[in-house]
Amino acid sequence: MVEPRIVGVGEMVETPHSLLPMRKAFKGTFIVAGGYNREEGNKAVSSGYADLVAYGRIFLANPDLPQRFELDAPLNNYNSSTFYTPDPVVGYTDYPFLC
């Protein structure tokens, strides 16, 4: 389920418990998305609000996101103008790894 938290580029709005009715009704693995960062994702899972959190933009810009989350390392900024373009060099393959 996509949390309705993004209102514009770089703009987030808090929507506490907006997916809670769906979470309670759905009996399978519940995955949320919607601009979560490390702390918010951890809180969503630890509180039982979700079973898993999907990361989109920050994962595109940080191909080593699990390692960065584990180390609490800084994240690369993403450039959304390069998302889903046919250029094989710009965007998905040019973000730096930690090592």
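# A tour of the predicted model

The protein contains 4 helices and 4 strands; helices (H or I, at least four residues) and strands (E, at least two) are DSSP runs, numbered from the N terminus. This is a predicted model, in which local features need pLDDT of at least 70 and side-chain atom pairs count only at pLDDT 80 or more, while totals for chains, interfaces and linings use all residues. Residues are numbered from 1 along each chain as its sequence is written, and side-chain values use heavy atoms, with hydrogens and water left out.

**Whole chain.** Colour by secondary structure and follow the sequence: the pattern is β-β-α-β-α-β-α-α. Of the 99 residues, 29% count as buried (under 20% relative accessible area; exposed is over 50%, partly exposed in between; 1.4 Å probe, protein chains only). Switch on the surface: about 6,600 Å² is exposed, and carbon and sulfur atoms supply 62% of it. These areas come from the Shrake-Rupley method with a 1.4 Å probe; for residues, only the protein chains shown count as cover. Contact means heavy atoms within 4.5 Å. Among contacts between residues at least 6 apart in sequence, 35% join residues at least 24 apart.

**The nonpolar core.** Select L19, F30, V32, Y36, A44, Y49, A50, V53, Y55, I58, L65 and F69, the 12 residues of the largest nonpolar core. Such a core is a set of buried Ala, Val, Leu, Ile, Met, Phe, Trp, Tyr and Cys residues joined through side-chain atoms within 4.5 Å. Now pick A44 alone: leaving aside residues up to four places away in sequence, A44 touches Y36, Y49, A50 and V53.

**The ends of helix α2.** Go to N37, which caps the N-terminal end of helix α2 (residues 38–46). A side-chain oxygen of N37 lies 3.1 Å from the backbone nitrogen of E39. The term polar contact covers a pair of N or O atoms within 3.5 Å; within protein, one must be able to donate a hydrogen and the other to accept it, and residues adjacent in sequence count only if both atoms are side-chain atoms. After α2 comes G48, with a positive phi near 85°.

**Aromatic pairs.** The whole structure holds 4 aromatic pairs. Rings of Phe, Tyr and Trp (its six-membered ring) pair if their centres lie within 6.5 Å; planes under 30 degrees apart count as stacked, over 60 as edge-to-face and the rest as tilted. Select F26 and F30, a tilted pair with 6.4 Å centre to centre and 50° between the planes. F26 is partly exposed at 45% relative accessible area, whereas F30 is buried at 3%. Move to Y78 and F83: their ring centres are 5.8 Å apart and their planes at 35°, so this pair is tilted. Y78 is partly exposed, with 32% relative accessibility, and F83 is buried, with 13%. Add Y84 to the selection, and the aromatic cluster of Y78, F83 and Y84 is shown.

**N62 and R68.** Select N62, in the loop between α3 (57–61) and α4. Is N62 buried or exposed? At 0% relative accessibility, N62 counts as buried. Residues up to four places away aside, N62 touches R68, L75 and N76. Y92 is 30 residues from N62 in sequence, with 9.3 Å between their C-alpha atoms.

End on R68, placed in helix α4 (residues 65–71). R68 is buried, with a relative accessible area of 4%. Beyond residues up to four places away in sequence, R68 touches N62, A73, P74, L75, N76, P96, F97 and L98.
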